Amino acid sequence: MGKIAFVGLGVMGWPMARHLASAGHELRLFNRTAEKAGRFAAAYGGLPCATVAEAADGADALVTCVGNDADVRQVTADGFRTLPDGALFIDHSTISARLALEIAGTNPRLRCVDAPVSGGQAGAEAGQLAVMCGGTDAAVEAARPIVEAYGRRIVRIGPAGHGQLAKCVNQIAIAGLVQGLSEAMAFAVKAGLDTEALLDAIGKGAAQSWQMDNRARTMVEGKFDFGFAVDLMRKDLGLVLDEAAGNGAQLEVTRLVDGYYAEVQAMGGGRNDTSSLIRRLL
Ligand code: NAP
């Protein structure tokens, strides 16, 4: 068991850190709002630190789950001052592949793994996240015993940045699908169908999806106060569209859906689950 500096005790990071504490790792904690680190330490152990540099000093690994590129820049600028040579930097934030590549390229003394996750809060709480890793084989293998505390599926996709690119693919696939499901369920409601009977009939056929299994009913009920927030989805789709502008991928549907999410934000739904796309249609 190692000495781990953990930064970012939010919706995702808090349960991840809890799993690390249960696995017996020695935790040094830092969070922008310091009170959270104190609260975590009181409940599960670990040492709250005043800065990232203090947390990273002498650590075997710096593990982060913060918001965006700017946050990761801030955390690494401070933390890399004291993180020892050869230590792991495992970043679970969803950020640009460009920044992940830059961090790995400019810090060859560290073993960097970009490791965005899928599975949401429920996946983090249950320790069942899917983790898409970019980095050298050796770095990903060294990270595995740590990430296994909360990861059900940990896959090396390729070199630095490829974890973040895989997360882009994940979000592209979700965006179009959720709009399709929204249109399907809105049609069902307007056609006066019994949606329970409908889902019973089609839920195990070719139209089945995780979104249908887990979101179709709450969409019809108008329940969106849980899950993956529209604001975060828009941040991710921004990363996707930036990346596509560089690699030439044509994302007509994704671009449309990003605009629909902007409409949901304008309706006050920035914190709604992504399934709230149906609000535009009903
Ligand atoms: P969150 O609840 O906002 O948590 C982010 C945490 O990081 C907060 O506790 C925040 O501190 C802290 N933080 C931000 N910037 C910091 C900095 N510069 N220094 C130290 N701490 C900092 O967000 P989340 O939902 O856990 O998401 C975290 C990342 O995972 C995001 O990149 C997101 O896109 C990704 N993700 C989220 C989900 C999901 O379902 N929520 C699913 C997959 C991936 P404060 O307490 O001050 O805000």
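Modeller: A polar contact here is a pair of N or O atoms within 3.5 Å. The model is predicted.

Colleague: How far from an oxygen atom of the ligand does a backbone N or O atom of V66 lie?

Modeller: The cut-off for a polar contact is 3.5 Å. The V66 atom belongs to the backbone, its partner is an oxygen atom of the ligand, and the distance is 3.1 Å.

Colleague: How much of the accessible area that the ligand has on its own does the protein cover?

Modeller: On its own the ligand has 900 Å² of accessible area. Of this, the protein covers 88%.

Colleague: Which residue places a polar side-chain atom 2.7 Å from an oxygen atom of the ligand?

Modeller: M12 has a backbone N or O atom 2.9 Å from an oxygen atom of the ligand. The residues that come nearest to the ligand include N31, T33, G67 and K235. The polar side-chain atom at 2.7 Å from a ligand oxygen belongs to K36.

Colleague: How many residues of the shell around the ligand are charged?

Modeller: The shell around the ligand has 27 residues. Helices α4 (69-79), α6 (120-126) and α11 (230-247) each supply at least two of them. By class, eleven are nonpolar and ten polar, and the charged ones number six.

Colleague: What is the radius of gyration of the protein?

Modeller: The protein has twelve helices and nine strands. For 282 residues the globule rule gives 19 Å, and the protein comes close to that, so it is as compact as a globular protein of that length, with a radius of gyration of 20 Å.

Key: Residues numbered from 1 in each chain as written. Predicted model: local features only at pLDDT ≥ 70, side-chain atom pairs only at ≥ 80, totals over all residues. Heavy atoms only, no water. Near = heavy atom within 4 Å. Polar contact = N/O pair within 3.5 Å; in protein donor to acceptor, adjacent residues only side chain to side chain. Areas by Shrake-Rupley, 256 points an atom, 1.4 Å probe, with all protein chains shown as cover. Helix = DSSP H or I, 4+ residues; strand = E, 2+ residues; numbered from the N terminus. Nonpolar A, V, L, I, M, F, W, Y, C, P; charged D, E, K, R; others polar. Rg over C-alpha atoms; globule rule 2.2 N^0.38 Å.
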